Amino acid sequence: MIAQRTSAPTGLIAYLPTPVRDDRVDLTAFARLVERATAAGVDGLGVLGSTGAAMHLDRDERRDVVRTAVGHTGLPVVAGISGLRTSLVRAHADDAQAAGAAAVLLAPVGYVPLVGAEVVALFTDVVAGLDVPLVVYDNPGTTRVDMSHGLLAELAALPGVGGIKTPGPTGGPDDARRRVAELRASLPDGVTLGFSGDPSGPAGLLAGADTWHSTVGGALPDVVVPLARAARAGDESVHATVERLAPLWDLVRTHAGVRVAATFVELLGLVDAPSLPRPLLPLSGDARADAARVLTALAG
């Protein structure tokens, strides 16, 4: 078990969709996505997050996904372990560690939104059995749990917590610098600060965040890698590039990353369609046509 704090992976973490075929995970197609993102130059891979439809997969499938990812990359793999019961979360954590994950990612999910005391109890119970760092996943849009600075600070202080993944700033460079400073002040040394929400990822890196957790990074690594590299090099022109990609970000904001990422890899011919575990469905009709137009524009 973790005796001292270990930091979570940093840089650009690209979250991969999990292709499903005939109601089972298509590990062959998934391995291709892993190798493609690795070759594109991301810093790490995220599996079994929101983009990976983790809550729709059973324990065996999730274990196989982590094993496949680790087996097809030399990069650190951050594996989602969220579940509706603490015992299931701990089982997912055991499986991820045994499969070679570099870190685990935990969002406090519940059919009924968890209250603060339940969130703290969940993370306390889970870190007690970890040998790898845990990343606290603050995702209020999905979990309906609003993590205040105080709650994030309490969770970050737990031994075994190595990183925070929280929604990124939306108000421009000044807002990014202010949010980074505020969060840094509440995090212990050694806990990495990472932002989700792709439009704000580069701004977060520019402002001094450690990590960009990218929703579309697994589906479109060639798009996000140059943005991350520019931001980490201090290139302020990256803001203009992010603005030009507004149609891409709007697509994710409107339809959710899990559907958009799956649709992209289908349209690119990387996986068979439909590739989501039902009842989830990839984009269709006008929305799918919008996704195709975005891909065409990116390729132009």
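Trainee: Why is Asp272 called partly exposed?

Mentor: Look at the number for Asp272, keeping in mind that this is a predicted model. Asp272 has a relative accessible area of 40%. Buried would need under 20% and exposed over 50%, so Asp272 falls in between and counts as partly exposed.

Trainee: How do you know that Asp272 forms a salt bridge with Arg21?

Mentor: Check the distance between the closest N and O atoms of Arg21 and Asp272, which is 3.1 Å. The cut-off is within 4 Å, for a Lys or Arg side-chain nitrogen and an Asp or Glu carboxyl oxygen. The pair passes, so we call it a salt bridge. Here distant parts of the chain get linked: Arg21 sits in strand 2, Asp272 in the loop between helix 12 and helix 13, and they are 251 residues apart.

Trainee: And what makes Arg21 partly exposed?

Mentor: Arg21 has 46% relative accessibility. Exposed takes over 50%, and 46% doesn't get there, so Arg21 is partly exposed.

Trainee: What makes Arg63 and Asp60 a salt bridge?

Mentor: Try the distance again: 2.3 Å from N to O for the side chains of Arg63 and Asp60. With a limit of 4 Å, that counts, so it's a salt bridge. Both residues lie in helix 2, 3 residues apart, which is about one turn of the helix. Asp60 is partly exposed at 41%. Arg63 and Asp60 also belong to a salt-bridge network that takes in Arg59 and Asp95.

Trainee: How many salt bridges turn up in the whole structure?

Mentor: A search finds 14 of them. Another one of interest joins the side chains of Glu266 and Arg288, at 2.9 Å from N to O. Glu266 is in helix 12 and Arg288 in helix 13, so this pair ties together parts that are 22 residues apart in sequence.

Trainee: Are Glu266 and Arg288 buried or partly exposed?

Mentor: One of each! Glu266 has 8% relative accessibility, so with a cut-off of under 20% it is buried. Arg288 has 21%, which isn't under 20%, so Arg288 is partly exposed.

Trainee: What makes the link between Ser275 and Glu266 a polar contact?

Mentor: The two side chains come to 2.7 Å, and the limit for a polar contact is 3.5 Å. Ser275 lies in the loop between helix 12 and helix 13. At 3%, Ser275 is buried, and the residues it touches include Thr18, Pro19 and Ala262.

Trainee: Which residues does UniProt mark as "active site"?

Mentor: The unreviewed UniProt entry puts that feature at Tyr137 and Lys165. They're spread over 29 residues of sequence but cluster in space, with a largest C-alpha distance of 4.9 Å.

Trainee: Why are Tyr137 and Lys165 called buried?

Mentor: Set both values against the under-20% cut-off. Tyr137 has 10%, so it is buried. Lys165 has 5%, so it is buried too. Tyr137 lies in strand 7, while Lys165 is found in strand 8. Tyr137 touches Lys165, along with Ser50 and Met147 among others. Contacts of Lys165 include Tyr15, Gly194 and His213.

Trainee: How do you know that strand 7 and strand 8 pair?

Mentor: Count the bridges. Pairing takes at least two, and 4 bridges join strand 7 to strand 8, so they pair, running parallel. One place to look is Leu134, which stands opposite Val161 in strand 8. Strand 8 also pairs with strand 9 over 5 bridges, again in the parallel sense. There, Thr166 stands opposite Phe195. Strand 8, helix 7 and strand 9 together make a right-handed β-α-β unit.

Trainee: What makes strand 8 mostly covered?

Mentor: Of the 7 residues in strand 8, 6 are buried.

Trainee: Last one: why is Thr51 called buried?

Mentor: Thr51 has a relative accessible area of 7%, and buried means under 20%, so it qualifies. The unreviewed UniProt entry lists Thr51 for "binding site". Thr51 lies in the loop between strand 4 and helix 2, and is in contact with residues including Tyr15, Thr215 and Gly257.

Terms used:
Residues numbered from 1 in each chain as written. Predicted model: local features only at pLDDT ≥ 70, side-chain atom pairs only at ≥ 80, totals over all residues. Heavy atoms only, no water. Buried < 20%, exposed > 50% of the residue type's maximum accessible area, 1.4 Å probe, protein only. Helix = DSSP H or I, 4+ residues; strand = E, 2+ residues; numbered from the N terminus. Right-handed = clockwise from strand over helix to strand, strands pointing away. UniProt positions renumbered as here; feature names shortened; annotations may be inferred. Contact = heavy atoms within 4.5 Å. Polar contact = N/O pair within 3.5 Å; in protein donor to acceptor, adjacent residues only side chain to side chain. Lists of a residue's contacts leave out its neighbours within four places in sequence.
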